[in-house]
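This report walks through one protein chain, from its overall make-up to its cysteines, aromatic rings and strand pairing. Keep the structure open while reading.

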Amino acid sequence: MRRICGWLMAAAIAAAGLSGCKPSDAVKHSGDGNTATVPTTPPASTVQFDKATLGMVTGTIRFVGKTAEPVKIDMSMDPVCSMTAGDNFAEQYAVKGGKLGNVYVYIKSGPPAAMLAGGPTPAPVVLDQVGCKYVPHVIAVVRGGSVEFRNSDSTMHNIHTMPTVVGSQPIDISQGPKGAPQVKQFNQPEVMIPVRCNNHPWMNAFINVSATPFFAVTDADGHFGITGLPAGTYTLAAVHEKLGEQTMTVTVEPKGTTKADFSFSVK
């Protein structure tokens with residue numbers, strides 16, 4: 001009887017000790033090298049902003065200098081491509097009237113609340129294979145978002161991504177002629193992830209994964225717009241597949257529109 005009472009008393013003391021642990025205490029798991037901590041900041045989905053006060057950044061990416069004429073691609077290795085796809089040209093430099101398309105623009109850093117911003121899960125961004133090329137050439141998704149890979153051609157294609165960020169797994173899948181779409185999720189922020197087709201070496205595209213919902217890809221006229229930004233000072237980055245990355249500091253006022261233009265040139 002005394003032994004049972006001793007056990008009960010020990011259990012009560014242990015329970016009291018557990019109930020006294022503070023939520024901010026780190027929980028260390030011995031043996032596996034992992035440390036779990038209770039976050040001190042709210043998760044992205046709980047960060048709320050007054051929509052009436054949000055601002056935006058707009059701008060144009062300019063190209064200085066001359067580029068070589070686009071190279072016409074020889075697609076004779078695949079009769080379907082050569083007979084049905086029409087002319088196909090390299091897309092490294094999408095220059096129109098001195099403006100540069102296919103540039104990924106994103107918020108690289110800023111106020112902590114903005115960098116934790118979340119929102120509803122967006123619909124998958126479509127990357128199609130049309131005319132034996134990827135369309136669009138450059139796309140972007142928010143972290144946790146998905147890409148829907150399609151094959152609208154009458155030939156077999158392949159999707160092979162080559163990420164470099166630790167923890168990001170490559171994708172290597174094939175799609176039959178006009179095959180069923182395949183949706184893949186992207187969880188690690190990274191810029192300009194190359195996409196290649198193992199069947200057609202000239203095919204290439206780029207996927208960008210943003211840590212926040214604040215990003216854009218310039219259109220054919222080199223324009224971009226990033227909306228829904230809380231007031232504050234940010235580092236804005238613009239990335240081109242060949243010309244690299246440029247950054248600038250911008251300040252967004254409540255309900256304001258901040259202009260931010262970049263200028264790229266061939267090195």
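## Disulfide

A disulfide here is a pair of cysteine sulfur atoms within 2.5 Å. The model is predicted. A search of the whole structure turns up 1 disulfide. Its partners are Cys81 and Cys132, with sulfur atoms 2.0 Å apart. The angle about the S-S bond is -85°, and the link of Cys81 and Cys132 is left-handed. The pair connects distant parts of the chain, 51 residues apart. Cys81 sits in helix α2 (residues 79–84). Cys132 sits in the loop between β7 (125–130) and β8 (133–135). Both Cys81 and Cys132 are buried.

Which cysteine sulfur is nearest to that of Cys197? It is the sulfur of Cys81, 8.1 Å away. Cys197 is in no disulfide, because a disulfide needs sulfur atoms within 2.5 Å. Cys197 has 4% relative accessibility, so Cys197 counts as buried.

## Overall make-up

The chain carries 3 helices and 21 strands. Of its 267 residues, 35% count as buried. The exposed area is about 14,900 Å². Carbon and sulfur atoms supply 57% of that area.

How much of the contact network spans long stretches of sequence? Take the contacts in the chain with a separation of 6 or more: residues 24 or more positions apart account for 64% of them.

## Aromatic pairs

The structure holds 2 aromatic pairs. One joins Phe63 and Tyr93. The rings are 6.3 Å apart, centre to centre, with 55° between the planes. That pair is tilted, because an angle of neither under 30 degrees nor over 60 counts as tilted. Phe63 lies in strand β3 (residues 55–64), and Tyr93 lies in the loop between α2 and β4 (95–96). The pair therefore ties together parts that are 30 residues apart in sequence. Are these two residues buried or partly exposed? Phe63 has 7% relative accessibility, so Phe63 counts as buried. Tyr93 has 29%, so Tyr93 counts as partly exposed.

Tyr104 and Tyr106 also form an aromatic pair. Their centres are 4.9 Å apart, and the planes differ by 5°. This pair is stacked, because planes under 30 degrees apart count as stacked. Tyr104 and Tyr106 are both buried.

## Strand β6 and its partners

Strand β6 covers residues 104–109. It runs antiparallel to strand β16 (residues 215–217), and 3 bridges join β6 and β16. Tyr106 stands opposite Phe215 in β16. Tyr106 is also a member of the stacked aromatic pair.

β6 also pairs with strand β18 (residues 232–240). The sense is antiparallel, over 5 bridges. Which residue of β18 is the bridge partner of Ser109? That residue is Thr235.

## A five-stranded open sheet

An open sheet is built from 5 strands. Their order is β9-β15-β14-β11-β12, and the pairing is mixed. The edge strands are β9 (138–142) and β12 (172–175). Each edge strand pairs on one side only. Neighbouring strands of this sheet are turned by 25° against each other on average, direction ignored.

At one end of that order, strand β11 (residues 157–161) meets β12. These two strands run antiparallel, and 4 bridges join β11 to β12. Within this pairing, the bridge partner of His157 in β12 is Gln175.

Note on methods
Residues are numbered from 1 along each chain as its sequence is written. This is a predicted model: local features need pLDDT of at least 70, side-chain atom pairs count only at pLDDT 80 or more; totals for chains, interfaces and linings use all residues. Side-chain values use heavy atoms; hydrogens and water are left out. Buried means under 20% relative accessible area, exposed over 50%, partly exposed in between (1.4 Å probe, protein chains only). Contact means heavy atoms within 4.5 Å. Accessible areas come from the Shrake-Rupley method with a 1.4 Å probe; for residues, only the protein chains shown count as cover. Rings of Phe, Tyr and Trp (its six-membered ring) pair if their centres lie within 6.5 Å; planes under 30 degrees apart count as stacked, over 60 as edge-to-face and the rest as tilted. Two strands pair if DSSP finds at least two bridges between them. Axes are lines fitted to C-alpha atoms, for helices over the stretch in contact, and angles run from 0 to 180 degrees between N-to-C directions.
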